[in-house]
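Biologist: Could you take a close look at the backbone framework here for me? I would like to see how the helices, strands and loops fit together, and what lines the pocket among them.

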Amino acid sequence: MINYEQDDNGLVTLTIDMPDRSANVWNQASMDAFSEALERAAADESCTGIIIASAKKVFLAGADLDALKAMAFGDKDPVALNATVGALSVLLRRLETCGKTVVAAIEGAALGGGFELALACHHRVVADSPRLQLGLPESQLGLLPGAGGTQRLPRLIGIQASMPLLLEGKQLTPDKALKAGIIDQVVPRGEVVAAAKAWALANPEATQPWDDKRFKVPGGGLDDPKTLSTFMVATALLNAKTHGNYPAGKAILSCMFEGLRTTLDAGLLIEKRYFLKLLLDPTAGAMIRTMFLSLQDANKLVRRPAGIERRAPKKLGVLGSGLMGSGIAFVAAKKGMEVVVLDVDAEKAAGAIAYASKRLDKAISRGRSTEEKKAATLARITATADYAALDGCDLVIEAVFEDRDVKAKVTAAADAVLGDSAVFGSNTSTLPITGLAKASSRPENFIGLHFFSPVEKMPLVEVIRAEKTSDQTLAWALDAVQALGKTPIVVNDARGFYTSRVFGTYITEGMAMLQEGIAPALIENAGKMSGMPMPPLGLADEVGLGLMYQVGIQTKKDLGDAAPVNPSTPVLEKLVTEFDRSGKRSGRGFYAYDDAGRQLWDGLAESFPAKADQPTADDLIERFLYTQALEAARCMDQGVVQAKEDADVGAILGWGFAPYTGGPLSYIDRIGAKAFVERADALAEAHGKRFEPPALLRTMAADGTAFYG
Ligand code: NAI
């Protein structure tokens with residue numbers, strides 16, 4: 001676990017090398033081994049200093065998976081937790097006060113508990129590698145760095161400078177970390193240990209600055225008026241950004257505010273208390289489960305059918321070079337795939353190359369790419385109108401107009417050139433895949449691959465299995481999503497699939513509120529306060545009111561009287577047909593758009609007069625979250641989504657569903673099925689059938705079960 005090596009100068013190098021793991025992590029075994037090696041060196045008079053290194057690519061990645069699982073699913077008994085939490089904090093305190101100089105020799109990523117180890121060393125030497133990441137990302141999982149991070153970092157670089165690193169979990173590359181002062185030296189790869197040794201020899205009696213009685217927090221301590229205003233502004237900004245939904249941010253600020261007034265030892269105890277508090281709050285557990293454990297599983301393709309050989313596409317065909325087709329082609333070419341983009345004529349198809357070129361220029365201007373890389377990426381994209389060029393593609397993704405006939409035409413034309421094992425994916429956002437597959441002579445090779453816009457930024461792909469889709473096609477489609485660097489969720493073929501269907505209920509609810517006479521500004525603010533990334537009416541403008549109105553008409557045509565009653569219909573009809581306001585693209589929607597920005601259209605007050613008795617923001621927040629959670633539960637009930645994990649991951653990655661909840665199903669668990677059903681029934685009584693809970697939830701309420709055991 002730890003290689004112990006002493007050189008002729010008496011320097012001891014502890015090289016962490018956990019067996020059977022790709023990265024070093026903190027767990028009981030590694031802490032025990034580390035502690036033992038540390039005590040051996042500390043007790044050895046011939047030891048002149050300690051260097052801490054790693055035998056892995058990653059220096060140390062933080063807590064191990066089991067520890068994270070315990071945090072997400074484990075016992076929430078505060079007494080038991082109090083006894084187990086905090087061991088690493090004690091170990092790291094021992095490290096920096098063991099009487100020897102300790103230097104971190106970092107040649108790979110040091111994150112979370114890994115970076116806290118580095119902070120507890122007297123000096124940090126890091127390899128010059130632009131890919132190496134350093135930082136404390138705990139807040140992104142609803143936690144705080146609980147092994148001294150909230151105490152050592154502000155004592156090292158000052159309160160204000162450490163705030164973004166702690167509150168946002170920002171990760172830095174070595175050059176930026178050096179500038180920020182969180183590391184001390186950057187040296188070429190391969191020279192890290194030597195540099196660390198040189199520093200240790202030159203500084204045989206190093207101690208931490210905070211253990212000096214005269215220590216002052218750099219940039220001003222808590223009694224400095226500047227610091228007080230820093231806390232005031234930080235608290236205000238945090239609340240404006242998170243609306244009190246994320247307890248971690250507040251806990252981190254409290255750790256700093258209370259901990260920096262006292263000694264490091266007392267500060268560490270304060271930090272431990274806040275860490276425990278976060279563990280006992282449902283937010284951290286839900287975020288760890290969905291944003292770490294379930295996400296990791298989805299990326300590992302746990303839903304992939306077994307026994308089928310892996311096949312990542314080498315040559316990808318993209319039909320349609322519009323917004324989506326260009327985005328998909330760009331991402332694929334960047335990943336090294338050969339891409340053929342086809343459109344009605346070669347000139348139109350070349351739009352995809354122009355799109356990629358523009359993106360790459362932007363990346364170059366920001367120092368994130370080079371002219372050589374750009375040339376190589378563009379060279380991989382062929383633009384054409386000739387179907388023969390698709391010969392040899394192992395995957396074709398169709399992204400032409402949202403029109404059944406156009407899609408059928410291009411499907412048949414591609415079909416004629418493709419080999420028997422080529423997978424055909426449609427990026428349709430609304431048309432049922434089983435129907436589209438009829439245009440193919442190999443419906444078993446046909447699948448839905450629903451990307452989100454903008455493709456290069458959005459991490460999710462909704463993979464839609466149609467009636468005849470084979471296991472092999474599903475497996476290869478998942479391989480392709482993985483090769484494109486995206487996260488897949490697997491859903492069955494049903495109107496709106498999963499994401500569009502559930503996401504739509506949020507917008508619908510906003511419009512229903514408007515129709516009821518609730519003030520638009522209240523609706524929009526409550527939407528943001530619920531944790532959604534955008535307010536519902538603003539979002540409706542982005543999607544396009546005209547488009548939504550058309551989809552409603554089409555649904556009514558397709559389903560007749562079976563079409564669900566949608567409370568947004570009269571609102572859309574009024575805006576689109578009466579006022580000619582079809583959304584953001586036209587510059588007119590729920591908002592008025594001009595060069596100065598956007599503001600709610602003042603005509604709304606007249607068309608939807610506000611009632612005298614306005615609800616509270618909390619009432620509206622509840623409706624926003626319930627309507628989405630209920631629709632997600634219906635999707636589970638109807639088998640549209642099979643894995644609860646996919647429902648939660650897809651919601652957060654796909655449309656930004658309030659991440660602090662861990663997803664819509666986690667939100668139901670948090671409330672408890674029984675209480676949730678009771679409340680949903682009351683909302684149904686007050687606002688309509690759309691709040692009626694599905695059978696699945698009633699059963700769960702009666703049995704006292706939860707989605708997550
Ligand atoms: P777009 O209008 O930007 O691009 C469509 C492209 O298809 C155009 O370049 C057009 O010339 C081409 N095309 C039309 N008929 C063709 C034919 N017969 N042969 C070859 N090319 C033809 O549309 P966009 O937004 O890229 O959407 C494409 C598909 O992706 C649609 O099915 C849409 O529902 C879906 N989608 C769109 C999203 C969005 O945010 N825009 C998100 C997810 C899916």
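Modeller: Gladly, and one definition comes before anything else: a helix here is a DSSP run of H or I with at least four residues, numbered from the N terminus. Please also keep in mind that this is a predicted model.

Let's start with helix H27, residues 617-637. At 1.5 Å a residue, its 21 residues should span 30 Å, and the end C-alpha atoms are indeed 30 Å apart, so expectation and model agree. Of those 21 residues, 17 are buried, so H27 is largely enclosed by the rest of the structure. Just after the helix comes Gly639, with a positive phi of about 75 degrees.

Glycine has company in that respect. Most residues other than glycine have a negative phi, and most peptide bonds are trans. His243 has a phi near 50 degrees, a positive value in a residue that is not glycine. His243 sits in the loop between helix H10 (225-242) and helix H11 (247-259). With a relative accessible area of 33%, His243 is partly exposed, because that class lies between the 20% limit for buried and the 50% limit for exposed. Phe497 also has a positive phi, near 50 degrees, without being a glycine. The loop that holds Phe497 runs between S17 and helix H21 (499-516). Phe497 is at 0% relative accessibility, so it counts as buried. As for the peptide bonds, the one from Ser453 to Pro454 is cis, with omega near -5 degrees. Pro454 is placed in the loop between strand S15 (446-451) and S16.

That brings us to the strands on either side of helix H20. Strand S16 (residues 460-465) runs parallel to S17, and the two pair over six bridges. Within that pairing, Glu462 faces Ile489 of S17. Helix H20 (residues 471-483) joins S16 and S17 in a right-handed β-α-β unit. Strand S17 itself, residues 487-492, is mostly covered, with five of its six residues buried.

A second unit of this kind is built on strand S13. In a regular strand the side chains alternate between the two faces of the sheet. In S13 (residues 395-398), Leu395 and Ile397 point one way while Val396 and Glu398 point the other, and all of them are buried. S13 has a parallel partner in strand S10 (residues 315-319), with four bridges between them, and Leu316 stands opposite Leu395 there. S13 also pairs in the parallel sense with strand S14 (residues 423-426), again over four bridges. In that pairing Leu395 is opposite Val423 of S14. The path from S13 through helix H18 (residues 404-415) to S14 makes a right-handed β-α-β unit.

There is also an open sheet of three strands, in the order S5-S7-S8 and with mixed pairing. Strand S5 (110-111) and strand S8 (171-172) are at the edges with a single partner strand each, so one side of each has no neighbour in the sheet. S5 pairs in the parallel sense with strand S7 (residues 134-135), over two bridges. Leu111 has Gly135 in S7 as its bridge partner.

Finally, the pocket: the second largest one holds about 1200 Å³ of space. Its lining takes in 46 residues, and those nearest its centre are Ala63, Asp64, Ala67, Leu68 and Met71. Several helices supply at least two lining residues each, including helix H1 (28-43), helix H3 (78-84), helix H12 (264-280) and helix H13 (282-299). The largest share, six residues, is from H2, which covers residues 65-73. Sorted by class, the lining has 25 nonpolar, 14 polar and seven charged residues.

One last stop is helix H15 (residues 346-349), where Ala346 lies. Ala346 is partly exposed, at a relative accessible area of 40%. Between Ala346 and Ser582 there are 32 Å in space, C-alpha to C-alpha, and the two are 236 residues apart in sequence.

Notes
Residues are numbered from 1 along each chain as its sequence is written. This is a predicted model: local features need pLDDT of at least 70, side-chain atom pairs count only at pLDDT 80 or more; totals for chains, interfaces and linings use all residues. Side-chain values use heavy atoms; hydrogens and water are left out. On a 1 Å grid over the protein atoms alone, a cavity is a set of points where a 1.4 Å probe fits but cannot get out, and a pocket is an open set with protein on both sides within 12 Å along at least five of seven lines; lining residues have an atom within 4 Å of a point. Grid points are joined across faces, edges and corners, and a volume is the space filled by probe spheres set on the points. Ala, Val, Leu, Ile, Met, Phe, Trp, Tyr, Cys and Pro count as nonpolar, Asp, Glu, Lys and Arg as charged, and the others, Gly among them, as polar. Buried means under 20% relative accessible area, exposed over 50%, partly exposed in between (1.4 Å probe, protein chains only). Two strands pair if DSSP finds at least two bridges between them. A crossover is right-handed if, with the strands pointing away from the viewer, the path from the first strand over the helix to the second runs clockwise. The expected span of a helix is 1.5 Å times one less than its number of residues.
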